[in-house]
Structure formats: structure tokens, C-alpha cells
Protein chains: 2
Amino acid sequence: MLVMVAHAAPAAASATTAAVSPAPTFSPLYRQIKSLILQRLESGEWRPGEAIPSETELAQRFNVSQGTVRKAIDEMAAENLLTRRQGKGTFVATHEDPRAFFRFLRLVPIAGGVEPARSIPIECWRAKAGPEAARMLALQVSDPITIVRRVLHFSGKPVVVDEIYLPGEIFGNLTLEMLRDFQGSVYSLFETEFGVRMIRAEERLRAVPADRMSAELLNVREGTPLLSVERVSFTYGDKPVEWRRGLYSTAEHFYLNELG
Amino acid sequence: MLVMVAHAAPAAASATTAAVSPAPTFSPLYRQIKSLILQRLESGEWRPGEAIPSETELAQRFNVSQGTVRKAIDEMAAENLLTRRQGKGTFVATHEDPRAFFRFLRLVPIAGGVEPARSIPIECWRAKAGPEAARMLALQVSDPITIVRRVLHFSGKPVVVDEIYLPGEIFGNLTLEMLRDFQGSVYSLFETEFGVRMIRAEERLRAVPADRMSAELLNVREGTPLLSVERVSFTYGDKPVEWRRGLYSTAEHFYLNELG
DNA sequence: GAGTGGTCTAGACCACTGC
DNA sequence: CAGTGGTCTAGACCACTCG
């Protein structure tokens, strides 16, 4: 049945759209399988850290060959949505994995050493979205939001000061205690406690002078150049669910980026 | 013949190394094909922008199935070493491609618009490598190097001031005139005139105050926070061939980074 | 229409994990 | 040993480009 849909789709697509636009040409079978798997992930049917059914079983279930399922999973593994483990199975990616840590925090000490960051939450409060937060989070102005202020320490020293803006609809129950008590990264908490998995993010970097409050928190002089990092994070379906403004002290750390 | 090597390799490898270390387990056939193709690229047999032989021909040549060649090329396309064009062939990736531009210059205007950067070379001279340049370029101290200073303009305004350090052995003939006259990016010139193709790079970002010279060139006040971007670029075989220090004015631009 | 990459299949066998 | 992902093959057909 799925096969028929698969073969019918491109023909129908080109028939209806060819005269309008040449863009949406063709959707191969493995992409349809991919979006079926994606649906299961979005719906929470297969949860972070769990194994999904084996390739052969998915192939039977979807009535396609194992190679087609494989190609779908290949792409999703490349996008860090799934993780393959030979001999064990294919697993839904999770931020519990320490590898995921440095994918989202690219700060490295100038002088060697790989100490993990320690997050120290300062405040957590509710507010109404201003125009900027609303735009970034695709909300309406004055929709409820939750804001977290915190500091990140590396080997005991404050290096990053952060403000995290979250949609109140999802994160209305977030409290300072949860942030304090949770073992693991913030994204790990979001995933475990709120069922929200961050897939990708965009960061915008600038150099700015330290304001008084940040200077105090980071133990630098007011006006010291800091790295300003604005991040919007997206979950499934490219839905923005976090907006973050961070100031990084780059006296003893740098932001490492790989250009592929 | 190659097939025999392929099948013999893992057995031999595990026989000799199993007792020593469990690391270098197994090299599948498609990776051997991949490194054969890589050799052709490194040697310049297939040059940037040119088409490589078709998959079927490579399969015959290497005595493997087309699917195996395909998988090798798949990986190399994912690494931006090759570019596939349906119906036309597979091509060696090149920095002439405008897509390659923003892979290596992630500066975006805050207020919309996608004006291309204009590179204005200021100086180009020979020098001897200091300890830092030597380390970054994997040279000996006092080996010859070539240094370029330049400014990047966006819509007529200076935004980036750059110093580029290059191994003299390769870039001994680089002149200010070449930089001025060449149409296209610096990497495009390196590729065309010096046969050096940049594959990947690492950037280290910090926020620093503008020194007097940079402040003048960028038309900002001394001490203004600037984004310091240090880059080491690598060619085939992870050989470093460029070290760059740039100062970016982030008054009207930001550095955009995608976290996947 | 010939040639290229892109998709899909079916089946064999290998490497790894865990019972 | 059974079950999983990983590799390799051979062949069919589709989509795209170009002369």
C-alpha cells in the first residue's frame, strides 16, 4: 500500500505543480519512511534513549525493503536524531549523551584541560513576552514566558552568564529547585521533565562591552569585551522553543567552531 | 585483486593487532575505494571543478560493484570533497562555487541584505616563522612564511581586518598584485594558482578590545570590543596550510553558527 | 537516445552484542 | 546462539542533462 502511495506521489506532484513551480519535484520512498519515523519521534511514541524497532521489522511494517529503511535511518543518524549501535540496535538520540554536550556548548579552555561546566541557576521567574522574545519564540506579545538567569562555572570560575527565555505554555512549571537539583545539562532536563528535545540551534555571535551586572557576575571590569551569544533552539518541525542570550568571558576560554 | 586485499585486510589486521589494541578493527571495502579516490584528488589527477569518472566506470576500474563506489562517493560528498549533479556527473568540489563562500565566512549583516564581501589587500610580505606561526602551520621556527594583511568591506564599509600567514614553501610567489587582480575569493585563488585546496578549518573566537591600528582600519574607537577569529585551515591529509587572525567589527554584523 | 546519478529491491555474508 | 546493524553484490528502473 505504501509502495503504491510512493510511486503515485511523484506523478501526482509533477502533474499538479509542474505548471506552477518546478521546486517540489519528487519525494523518494525512503524520505516518506523517514517522515513516518519522525512522526513517531515527535509524538513521543519512541522516546529519547529508547531503542526503535529493528530495520528488518520496520521494513516489514512499512512494506519496503530493508535497504530503504536503512537509507532513511542513515539520514536521521547524520542529523543526530538517531544513534546506531552495531549489534544492539538503533536508539533515539538524547542529550544525556555527553557527546551532545559539546555540540551545544563550544567553549574550550585556552590552556588545555577538559573540565565540565557547572551550571548555577540564579533566578527563575514568569513574565510576559516582549516583542523581541515573541518574535524569536514565534509567540504573541504578552504570551506567558519563563525566564531563567544563571551562571556557568569552569573549574570554579564564572565564565558565562545566561538568560534563557522559554514558552510558558510548555515550561510553566519550571522552578529554580528543579534546575538546582537536576543532575545533567539543562537540555537533558528539558527532555526528561518536559518532553522537549532540542534538535538544532542557531547562534549569533558579537563582541560587546560588559555591563555592570554581568561584569560583577563574571568578575571582570565593566566594559571588558565579552562574547555575546544569542541562541534560538528548535525542536521537531523547526519549532523554536528556546531563546538564549549569553555573555562569555573569553579571558581564559574560547569559542571553538569547526568549518567543514 | 582489490577484492582479495579487501577481504584479507580485516583478517590480517585482527590477527596482528587483536592482542595489542582493539582500536583499528576493520576497514570496509568502500573506505579503501574512498582513499583511492582521495589519492587521485591529492595528487591533482582530478582537479577542482572537473568531473571524475562515472560510478560505473570507477566500479569497473576498481573491480567492485557500483554500490560500493557509490557509498565511497556518498561520504566524500558529505565531507564537501565531491559534488554530485544528477544527470551530469560527480565533480571535484571547488571554492569557485559561491556556496563554499559562506561555509568559510559566516558573517551576516544584522539588518537583512546579502551583499557579498569585497577583499582589499593592503600588504603582502615575506618573513620568518615565529614560534606561534611555526606551531600553527607545523613548520620549524624561522622557516619562510608569507604574510598578507587585508581588509574586508561589506557594502563599502570596513568590517574585518585580517592577517593571513602562509607557508613560504608553497606560497612564496604570492604577490599583492595577484591578490588585487584575482576575481573571486582568496581560497579560490589558492586553489587555482597554487593547487592548494582548503578542506576544513578550525576557528577560535574571542572578544578583544580594538588596538589602535585595527580601530583606524575599521573606523571604530580604540578599545571597542571586536570579535577575534583565529583560523587554521587544512588541506588534504589534515595538513595545516593557513593561519589567520581576523578582527571582526560586530556593530552591524554578526557571526552566524549553526549547531546541528 | 545515451549517459549520468538516484532509488529500490533481494539476498548473501560479516562484525558486534548479549544471553 | 540468535538478533542487530554493517557491508557487498547484481540488477531493475526512475529522474535528469545534453546533444
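**Exercise 1. Describe how much surface chain A and chain B bury between them, and how many residues take part.**

Start with the area: in this predicted model, chain A and chain B together bury about 2,700 Å². Next, look at which atoms carry that area: 52% of it lies on carbon and sulfur atoms. Finally, turn to the residues in contact: chain A contributes 31 residues, and chain B contributes 31 residues.

**Exercise 2. Find the polar links between chain A and chain B.**

Begin with the salt bridges, of which there are two between chain A and chain B. One to look up is the pair A:Arg200 and B:Glu258, whose closest N and O atoms are 3.0 Å apart. The cut-off for a salt bridge is 4 Å, so A:Arg200 and B:Glu258 qualify at 3.0 Å. Then widen the search to polar contacts: 19 residue pairs across the interface of chain A and chain B fit the rule, both residues being at pLDDT 80 or more.

**Exercise 3. Work out which elements of chain A supply the side that touches chain B.**

Four elements of chain A each give at least two residues to this side: helix 5 (98–104), strand 8 (200–209), strand 9 (225–235) and strand 11 (253–259). Of the chain A elements, strand 8 gives the most, with 10 residues. Sorted by class, the side of chain A that touches chain B holds 16 nonpolar, five polar and 10 charged residues.

**Exercise 4. Which strand of chain B pairs with strand 8 of chain A, and in what sense?**

The partner is strand 11 (residues 253–259) of chain B, and the two strands run antiparallel over five bridges. To see one bridge for yourself, go to A:Leu205 and find its bridge partner, B:Tyr255, in strand 11 of chain B.

**Exercise 5. Now stay within chain A and describe how its domain 1 meets its domain 2.**

First, locate the domains: the assignment gives domain 1 as 27–92 and domain 2 as 106–255. Their C-alpha centres lie 32 Å apart. The contact takes six residues from domain 1 and four residues from domain 2.

Second, take the area: the two domains of chain A bury about 510 Å² between them, with 65% of it on carbon and sulfur atoms. On the domain 1 side, A:Glu42, A:Pro48 and A:Leu81 lose the most area to domain 2, together 63% of what that side buries.

Third, count the polar links: there are zero salt bridges between domain 1 and domain 2 of chain A, and one residue pair is in polar contact, both at pLDDT 80 or more. By class, the domain 1 residues that touch domain 2 are four nonpolar, one polar and one charged.

How values were computed. Residues are numbered from 1 along each chain as its sequence is written. Chains are lettered from A and ligands numbered from 1 in the order in which they are written. This is a predicted model: local features need pLDDT of at least 70, side-chain atom pairs count only at pLDDT 80 or more; totals for chains, interfaces and linings use all residues. Side-chain values use heavy atoms; hydrogens and water are left out. Contact means heavy atoms within 4.5 Å. Buried area is the accessible area (1.4 Å probe) that two parts lose on being put together, summed over both. A salt bridge is a side-chain nitrogen of Lys or Arg within 4 Å of a carboxyl oxygen of Asp or Glu. A polar contact is a pair of N or O atoms within 3.5 Å; within protein, one must be able to donate a hydrogen and the other to accept it, and residues adjacent in sequence count only if both atoms are side-chain atoms. Ala, Val, Leu, Ile, Met, Phe, Trp, Tyr, Cys and Pro count as nonpolar, Asp, Glu, Lys and Arg as charged, and the others, Gly among them, as polar. Two strands pair if DSSP finds at least two bridges between them. Domain bounds come from an automatic or database domain assignment.
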